[in-house]
Structures are given as structure tokens and as C-alpha cells.
Amino acid sequence: MSSGAGTLRVGIVGGGFMARTHAHAARAAGAHVEAILSSAPDRTAQAAAELAVPHAAASLEELIDRVDVVHVCSPNRWHLEQSLAVIGAGTHVVCEKPLATTAADAVRLVGAAGGVVATVPFVYRFHPMAREARARVAAGDIGRMLTLRGSYLQDWLLEPGEQNWRVDPVAGGASRAFGDIGSHLVDLLEFVAGDRIARIAARTQTAYPERAGSTVTTEDAVAVVVETAGGAIGSLLVSQVAAGRKNALTIEVSGSAGAIAFDQEHPDELWLGGRDASRVLSRDAGVLSTDAARLSVVPSGHPMGYLDAFTAFARDTYAAVRGEEPGGLPRFADGARAAVLTEAVLAAAVEDRWIDIPSEGATT
Ligand code: SOE
């Protein structure tokens with residue numbers, strides 16, 4: 001369907017936490033959530049009622065037919081097939097990460113999506129202070145980048161009895177912790193650093209051989225050593241079994257003239273490290289770079305967070321649908337980049353060797 005100049009109509013595939021988050025973001029960004037499709041008719045009806053979506057779709061084709069943009073928020077195994085169907089109909093698509101369960105399929109989606117707007121919700125890019133970090137690194141504030149480090153730590157799978165579709169390699173993909181949250185980490189780190197990870201070595205850990213009676217093959221934690229194209233070195237730690245850590249995504253880039261650190265659980269602040277003195281910069285549109293100020297939609301002292309970042313992502317996606325070119329919009333190429341890195345991390349761990357990462361991929 002054509003996007004037109006009026007209110008965009010959005011369809012959502014999925015019925016879980018992400019479907020709820022996407023519906024909220026779509027509405028806050030000014031779209032109309034017209035239709036939803038979940039895994040079975042009763043679940044679709046339930047999701048439609050809970051999210052106040054007028055149309056419970058009976059099929060993907062029917063959903064696509066009613067809307068301008070489809071948000072694919074189903075389990076990972078369906079991303080390729082459903083995104084291809086949406087793109088094939090000439091409809092714009094937002095697809096959750098990981099974009100596909102293999103790097104080859106993610107790259108295939110990039111090729112297929114040429115004629116439509118196709119984005120991936122790497123939403124942590126949309127925190128104003130993450131943009132500020134990016135702007136300051138690009139302006140040379142840290143000098144020559146020497147080291148970088150990042151971690152993404154959660155604890156929602158700490159107990160052996162805890163189970164989720166993401167643990168199953170068929171539903172979620174061969175990599176779990178890295179595909180699910182390491183993908184956000186590498187996207188944000190490369191986005192802020194303005195540099196590319198060029199080589200990696202890695203170790204993975206699976207905390208329990210079984211969860212709720214099923215054998216576990218996907219990893220709970222990953223440690224990675226990286227070298228960048230620009231010559232920096234660094235380390236990444238990703239875990240879904242880190243006691244006490246809920247959604248602790250933190251990054252730090254350090255250079256010859258200073259350092260910058262961002263923590264998504266304290267997203268209204270940026271740590272600016274200096275040899276003589278360090279300081280914490282608070283979000284205040286008056287002192288921020290243009291792009292960060294654009295995303296700072298309430299005055300300083302009024303906390304912004306995850307849902308605001310999600311809304312900003314949806315707003316920029318819809319701006320692209322209307323023909324604008326918002327900077328920093330994560331497209332399918334960025335999703336494929338994260339998928340390539342994820343596959344390389346697993347290969348580095350299994351083969352016990354350094355792996356070179358191809359430089360192609362991301363748009364930003
Ligand atoms: C679960 O690990 C999860 O919901 C991820 O799937 C999201 O991408 C992340 O933003 C929060 O945690």
C-alpha cells in the first residue's frame with residue numbers, strides 16, 4: 001500500500017513484550033496501529049484486545065494488505081520469511097533483531113529490501129546522550145581512539161529453571177546471548193566510536209546443560225577481545241546470567257585526549273573522562289549537539305528512557321517512509337552487520353582462533 005501524506009497505518013506481527021513496545025512507540029510517533037497477527041487465532045484476538053488494535057488479522061497477507069508499515073516482532077526464526085513477504089508486497093518493514101538467524105539470511109534481506117524502507121530497532125542509538133557521545137567522538141574530543149570496552153549484562157536467565165523461546169536454537173538462532181543483546185552492544189559501540197570491529201577472539205559459556213528438562217546449546221555469556229579498523233583494542237562482555245544486572249548496557253571509548261562513557265540505565269548522563277578532572281554531563285538541549293538536542297524532547301531534569309528511545313526510532317522510520325533521511329537510522333544493513341559479527345563471535349569461540357570481520361555492512 002502507498003504511504004500517502006496522512007496518518008501511517010501500522011501492522012504488528014507478534015504478541016509479546018516487543019509487540020506491546022512497538023505498538024506504544026508507533027502510536028507515540030503518530031501512526032495508527034491498525035492490525036495485529038500473533039501465533040494462533042486466540043492469541044491474535046487476545047493481543048488485539050490487550051493492545052486495543054482494531055483488526056485481528058487471520059493471515060500475514062491480510063495484515064500486509066491493510067497497512068503501510070509492518071513491524072515484525074515474532075520469534076527470530078520467522079524474521080526472514082515474514083520480512084520477505086512484507087517486502088515482496090512493496091510494504092515498508094521494521095524487523096526486530098537479530099534480523100535473521102544466520103548472517104547469510106540477514107544479508108539476503110538487505111538485498112531484497114532495496115525498494116522499501118527497512119529498519120531494525122537498535123533503539124539504544126536514540127538516547128540523546130548516546131548521540132551526544134557519537135557527536136563528541138566524531139568532533140575529535142577524545143583524540144585518537146586507543147581502547148574501547150562494552151558490556152551488556154542481564155540476569156533474567158540466571159536460574160536453571162528459567163526458560164524462553166530464545167534459548168531454543170531453532171526459534172532463536174544458534175547464538176542466544178550475543179544474537180539477542182550482543183547485537184545491540186556492537187551496534188551501539190560501532191555507532192558511537194565511528195569505527196569498525198575488524199578482528200575478534202571469543203569465548204562462550206553455557207551456564208547449565210539443561211533448562212526445564214531441555215538440553216541447552218545456546219550460550220548464556222560471551223567474552224570477546226576486539227581490534228578495530230582504526231587500530232584501537234578492546235573487550236566486550238555479554239551475559240544473561242549476571243546476578244543483579246537487569247539491562248546494563250554500558251560502553252566506554254578512550255583516546256589520547258579523553259574518554260566518554262554511556263550507561264543505558266542512566267541514559268540522561270554522559271561521563272566525560274579527563275586526566276586532570278572528569279565530569280558528568282547532564283542532558284540539557286542547550287548544551288547538546290544538534291542531533292542529540294533533536295532527540296531531547298523534554299527539558300532537562302525530566303527523565304527520558306527506553307520507551308522514548310523506541311518512539312524516536314519509530315518516528316525516524318516513519319520520516320524515512322515519508323521520504324526524509326534522518327541521520328543514524330538503523331537499517332537492514334546495520335542488522336546484517338550485527339548478524340555477521342554474531343556469527344563470527346561463535347566461530348571464533350568454537351574454532352579457538354582470531355577471525356577477521358568483513359568491513360561491509362552498516363549504513364551509518
Ligand atoms: C531480552 O533480552 C531483551 O528484551 C532483548 O530482546 C531486547 O532487545 C533488549 O533491548 C532488552 O532485553
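Helix H11 (residues 332-351) lies across E8, E11 and E17. The helix runs at about 55 degrees to E8. The model is predicted, and the values below are computed from it.

The strands under H11 belong to an open sheet. This sheet has nine strands, in the order E16-E15-E14-E13-E7-E12-E11-E8-E17. The pairing is mixed. Strand E16 (279-282) and strand E17 (355-356) stand at the edges. Each has a single partner strand, so one side of each is left without a neighbour in the sheet. Strands of a sheet pair through backbone hydrogen bonds, either parallel or antiparallel. Both senses occur here, as the mixed pairing indicates.

The pairings can be followed strand by strand. Strand E8 (residues 197-205) and strand E11 (residues 221-228) are antiparallel, with eight bridges between them. Within this pair, Gln205 has Ala221 of E11 as its bridge partner. E11 also pairs with strand E12 (residues 233-239), again in the antiparallel sense, over seven bridges. Ala221 is matched there as well: its bridge partner in E12 is Ser239. Ala221 is thus bridged to Gln205 and to Ser239. E11 and E12 form a hairpin with four residues between the strands. In this hairpin, Gly231 adopts a positive phi near 100 degrees.

On its other side, E12 meets strand E7 (145-153). E7 and E12 run parallel and are joined by seven bridges. Leu153 stands opposite Ser239 in E12. Ser239 is therefore a shared point of reference, since it is also the partner of Ala221.E7 pairs with strand E13 (248-255) too, this time antiparallel and over eight bridges. Met145 of this pair stands opposite Gly255 in E13.

The residue after E7 leads to the ligand site. Gln154 lies in the loop between E7 and helix H7 (169-172). Its relative accessibility is 7%, so Gln154 counts as buried. The side chains of Gln154 and Asn247 are joined by a polar contact of 2.8 Å. Beyond its neighbours within four places in sequence, Gln154 touches Ile181, Ser239, Gln240, Val241, Ala242, Arg245, Lys246 and Asn247.

Gln154 and Asn247 are both among the residues around the ligand. The others are Phe17, Lys97, Tyr124, Tyr152, Trp156, Arg166, Asp180, Ile181, His184 and Gln240. Ligand oxygen atoms lie at short listed distances from several polar side chains. For Lys97, a side-chain N or O atom is 2.7 Å from an oxygen atom of the ligand. For His184, the distance from a polar side-chain atom to a ligand oxygen atom is 2.8 Å. For Arg166, the corresponding distance is 3.4 Å. Taken alone, the ligand exposes 300 Å², and the protein buries 90% of that.

Helix H6 (residues 128-138) is largely enclosed by the rest of the structure, because eight of its eleven residues are buried. The buried residues are Pro128, Met129, Ala130, Arg131, Glu132, Ala133, Arg136 and Val137. They pack against strand E13, strand E14 (259-263), strand E15 (269-273) and E16. They also pack against helix H8 (177-193) and helix H9 (290-295). Just after H6, Gly140 takes a positive phi of about 90 degrees.

Arg144 is found in the loop between H6 and E7. Its relative accessible area is 61%, so Arg144 is exposed. Leaving aside neighbours within four places in sequence, Arg144 is in contact with Ser254, Gly255 and Ser256. Gly255 is also the residue that Met145 stands opposite. Arg144 and Val110 are 34 residues apart in sequence, and their C-alpha atoms are 32 Å apart in space.

Thr119 offers a further buried position. This residue belongs to strand E6 (residues 118-119). At 0% relative accessibility, Thr119 counts as buried, since the cut-off is under 20%. Outside its neighbours within four places in sequence, Thr119 contacts Val93, Val94, Cys95, Phe313, Thr317, Leu329, Pro330, Arg331 and Phe332.

Methods. Residues numbered from 1 in each chain as written. Predicted model: local features only at pLDDT ≥ 70, side-chain atom pairs only at ≥ 80, totals over all residues. Heavy atoms only, no water. Pairing = 2+ DSSP bridges. Helix = DSSP H or I, 4+ residues; strand = E, 2+ residues; numbered from the N terminus. Contact = heavy atoms within 4.5 Å. Axes fitted to C-alpha atoms, helices over the stretch in contact; angles between N-to-C directions. Buried < 20%, exposed > 50% of the residue type's maximum accessible area, 1.4 Å probe, protein only. Near = heavy atom within 4 Å. Polar contact = N/O pair within 3.5 Å; in protein donor to acceptor, adjacent residues only side chain to side chain. Areas by Shrake-Rupley, 256 points an atom, 1.4 Å probe, with all protein chains shown as cover.
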